[in-house]
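Subject: Handover of a structure, with notes

Dear colleague,

I am passing on the structure we spoke of, and I would be grateful if you could read the notes beneath it with the coordinates open beside you.

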Amino acid sequence: IFTDRNLYTLVDDLYYELKGKVITEEAGEIDDAAIGNSSAGKVESAGAAVTGIDFVLQNRLVETGFSSVKDFKKYIKDYIAKIVTNIKDHNPDRVEIFKKKVNVKMAEIIKTFSDWKFFMVESMDAEALHVLVKEDGKTAIGLVWKDGVKEEK
């Protein structure tokens, strides 16, 4: 998800904010830019159109819903606890700063819970990356916790 193709910024040393847009692609359409071809052309095949957020479609993220704020709070509490454990293991001086900042951001998210959509990797692995998304029909903002990202080389 963190590629040259997707715009993102680190906010408050807490989370990455992905900037996206709502796009429509034909099923089976392959953007050459996605496979490193600088021509940025598209190869099309017959099929139904798919509309969605660009970084969601590109990474085959799957929407997962929470039926209530209570369900979300339970999930996020467990997820944040795993992140805190990881921070303790790799950067213990950051734990208190992270906890303070994440509590403030979570309060904002819970306050606007109905405005958010939640996505996870195609495998539906609860341990893997989750992306929180707000969109207005044209543009989208994705949120990914900095300390929940594992760099791949």
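What follows is an account of what was found, going from the whole chain to its parts.

Please bear in mind throughout that this is a predicted model. The secondary structure of the protein chain comes to 3 helices and 9 strands, and from the N terminus on the elements run β-β-β-β-β-α-β-α-α-β-β-β. Of the 153 residues of the chain, 33% count as buried, while the chain as a whole exposes about 9600 Å², of which carbon and sulfur atoms supply 52%. If one takes the contacts between residues at least 6 apart in sequence, 59% of them join residues at least 24 apart.

Strand β9, which covers residues 139-145, is a convenient place to begin, since 5 of its 7 residues are buried and the strand is therefore largely enclosed by the rest of the structure. It pairs in the antiparallel sense with strand β2 (residues 15-26) over 7 bridges, and within that pairing glycine 20 stands opposite alanine 140 of β9. Strand β8 (residues 130-135) also pairs with β9 in the antiparallel sense, here over 4 bridges, and lysine 134 has isoleucine 141 in β9 as its bridge partner. The hairpin of β8 and β9 has 3 residues between the strands, and in this hairpin glycine 137 takes a positive phi near 95 degrees.

Helix α3 (residues 95-111) has 17 residues, which at 1.5 Å a residue should span 24 Å, and its end C-alpha atoms are indeed 24 Å apart, so the expected and the computed values agree. Its buried residues are Val95, Phe98, Val102, Lys105, Met106 and Ile109; because they cover an arc of only 110 degrees around the axis, they lie on the same side of α3. The face turned away from that buried side carries the exposed residues Glu96, Lys100, Asn103, Val104 and Lys111. As for what the buried residues of α3 pack against, the partners are β2, α2 (69-90), β8 and β9.

Which residues touch the most other members of the largest nonpolar core? In this core of 22 residues they are Phe72, Ile76, Ile80, Phe98, Ile109 and Trp145. At least two residues of the core come from each of α2, α3 and β9, and the largest share, 8 residues, is that of α2. Isoleucine 76, once its neighbours within four places in sequence are left aside, is in contact with Met106 and Trp145. Apart from this core lies another, of 10 residues, among them Ile53, Phe119, Val131 and Val144.

One loop residue may also deserve your attention as you go through the model. Threonine 64 lies in the loop between β6 (62-63) and α2, and, with a relative accessible area of 16%, it counts as buried, because the cut-off for that term is under 20%. Not counting residues up to four places away in sequence, threonine 64 touches Phe118, Phe119 and Met120.

With best regards

Note on methods:
Residues numbered from 1 in each chain as written. Predicted model: local features only at pLDDT ≥ 70, side-chain atom pairs only at ≥ 80, totals over all residues. Heavy atoms only, no water. Buried < 20%, exposed > 50% of the residue type's maximum accessible area, 1.4 Å probe, protein only. Pairing = 2+ DSSP bridges. Expected span 1.5 Å × (residues − 1). Arc of directions from axis to C-beta. Contact = heavy atoms within 4.5 Å. Core = buried A, V, L, I, M, F, W, Y, C linked by side-chain atoms within 4.5 Å. Areas by Shrake-Rupley, 256 points an atom, 1.4 Å probe, with all protein chains shown as cover.
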